[in-house]
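Colleague: I have a few questions about the labels you put on this model. Could you take me through the reasoning behind them?

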Amino acid sequence: MTETRKRSLIKSITWRVICIITSIVTAYVLTGKIDVSIAIGTLYNAITMILYYFHERFWNKLEWGKQKI
């Protein structure tokens, strides 16, 4: 069984929303500046969301560790 590209994309987006909020809050705690925190959280998470999508697609192509039911 394989995962569709749409499913991988939706998983990436929902996980990134959680990560963006966490990154912004963490950056704010460290810097005390909301504008810098939003910039850090947004940029970092946009990049990692794209990387996560391709990471998921790569692993989906591998047979290693999969079992047929």
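Colleague: Happy to start with a glutamate: why is Glu56 called buried?

Modeller: This is a predicted model, and in it Glu56 has a relative accessible area of 19%. Buried means under 20%, so Glu56 qualifies.

Colleague: And what makes Lys11 partly exposed?

Modeller: Its relative accessibility is 28%. The partly exposed class lies between the 20% and 50% cut-offs, so Lys11 belongs there.

Colleague: How do you know that Glu56 forms a salt bridge with Lys11?

Modeller: The closest N and O atoms of Glu56 and Lys11 are 3.5 Å apart. A salt bridge needs them within 4 Å, so this pair counts. The pair links distant parts of the chain, with Glu56 in helix H2 and Lys11 in helix H1, 45 residues apart.

Colleague: Why is Glu3 said to be in a salt bridge with Arg7?

Modeller: The N to O distance between the side chains of Glu3 and Arg7 is 2.9 Å, and the limit is 4 Å, so the label holds. Glu3 also pairs with Lys11, at 3.2 Å. As for exposure, Glu3 is buried, at 16% relative accessible area.

Colleague: Which residues are linked in the network of salt bridges?

Modeller: Glu3, Arg7, Lys11 and Glu56. The structure holds three salt bridges.

Colleague: One last thing: what do the buried residues of H1 pack against?

Modeller: They pack against helix H2, residues 34–61. Among the buried residues of H1 are Ser8, Arg16, Cys19 and Ile24.

Technical notes
Residues are numbered from 1 along each chain as its sequence is written. This is a predicted model: local features need pLDDT of at least 70, side-chain atom pairs count only at pLDDT 80 or more; totals for chains, interfaces and linings use all residues. Side-chain values use heavy atoms; hydrogens and water are left out. Buried means under 20% relative accessible area, exposed over 50%, partly exposed in between (1.4 Å probe, protein chains only). Helices (H or I, at least four residues) and strands (E, at least two) are DSSP runs, numbered from the N terminus. Contact means heavy atoms within 4.5 Å.
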